[in-house]
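The following exercises concern a predicted model. Please work through each task before reading its solution.

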Amino acid sequence: MPPSRFDLILFDLDGVILDSRTNMDRAWRAVQSEHGLATPFEEYFAEIGRPFADIMARLGLADRASAIETTFRRSSTETIGQTAFFDGMSDVLARISASSVKVGIVTSKDEIRAKLVLERLDCKLDIILTPRSDLRGKPAPDALLYAMALLHTDPAHTIFIGDMASDHEAAKRAGIAYGHVDWGYGDPANDDCRRLQNPQELLTLLGLE
């Protein structure tokens, strides 16, 4: 995968840039308490990356999804501003955004919490896509395709960086390259991707080091 080929790099947020497992665990405990749920956090966590409503459906909680999401978002928002970035990611993102490569975020996190996170980064982002009613969530490719269309970038020159099988599947369905971060929370869909051991490798991937 020649580094010079990428004009656009799109990132997932949780598990790639933001180390949000503790924040999500706290929010899920609030859900368990307020809604009397016995569903373990690990079952919720195994599905992250998909739209919240899809996760609830997969957990058999579709009929309570809206109320659960309200509780989860409220609890998560209380501490999201103190949630740590993965070591090295802030500096790497600043380096990339200062280059000619366009940088975007495609996340399943809602707009309010995503902005609370991203405003702490010292970098320029060309696009931030959070869930919207006219775009299907991952593993559907809609948001990735929309980002490329808005930024006038060809799929052949775009790469998506994620940490879950749903990220990998979305990239494949969008016809773009995929880089899987091994510091994240999940596994890729298969071995047909670039594996990244640390954030610094992103600079090498883009020919910036």
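**Exercise 1.** Which residue in strand 4 is the bridge partner of Leu10?

*Solution.* Begin with the two strands: strand 1 covers residues 8–11 and strand 4 covers residues 158–162. They pair in the parallel sense, over 4 bridges. Within this pairing, Leu10 has Phe160 of strand 4 as its bridge partner.

**Exercise 2.** Determine the strand order of the open sheet, and explain why strand 3 and strand 6 each have one side without a neighbour in the sheet.

*Solution.* The open sheet has 6 strands in the order 3-2-1-4-5-6, with parallel pairing. Strand 3 (127–129) and strand 6 (194–196) stand at the edges; each has a single partner strand, so one side of each is left without a neighbour in the sheet. On average, neighbouring strands of this sheet are turned by 20 degrees against each other, direction ignored.

**Exercise 3.** Identify the strands on which helix 5 and helix 8 lie.

*Solution.* Helix 5 (residues 89–97) lies across strand 1 and strand 2 (102–106), and runs at about 150 degrees to strand 1. Helix 8 (residues 165–174) packs on the sheet, where it touches strand 4 and strand 5 (177–181). The direction of helix 8 makes about 170 degrees with that of strand 5.

**Exercise 4.** Which residues touch the most other members of the largest nonpolar core?

*Solution.* This core has 52 residues, and the residues sought are Phe11, Trp28 and Tyr44. Leaving aside residues up to four places away in sequence, Phe11 touches, among others, Met89, Leu93, Ile96, Val103, Ile105 and Phe160. Another core, of 17 residues, lies apart from the largest one and includes Leu144, Leu151, Ala171 and Ile176.

Note on methods: Residues are numbered from 1 along each chain as its sequence is written. This is a predicted model: local features need pLDDT of at least 70, side-chain atom pairs count only at pLDDT 80 or more; totals for chains, interfaces and linings use all residues. Side-chain values use heavy atoms; hydrogens and water are left out. A nonpolar core is a set of buried Ala, Val, Leu, Ile, Met, Phe, Trp, Tyr and Cys residues joined through side-chain atoms within 4.5 Å. Buried means under 20% relative accessible area, exposed over 50%, partly exposed in between (1.4 Å probe, protein chains only). Contact means heavy atoms within 4.5 Å. Two strands pair if DSSP finds at least two bridges between them. Axes are lines fitted to C-alpha atoms, for helices over the stretch in contact, and angles run from 0 to 180 degrees between N-to-C directions.
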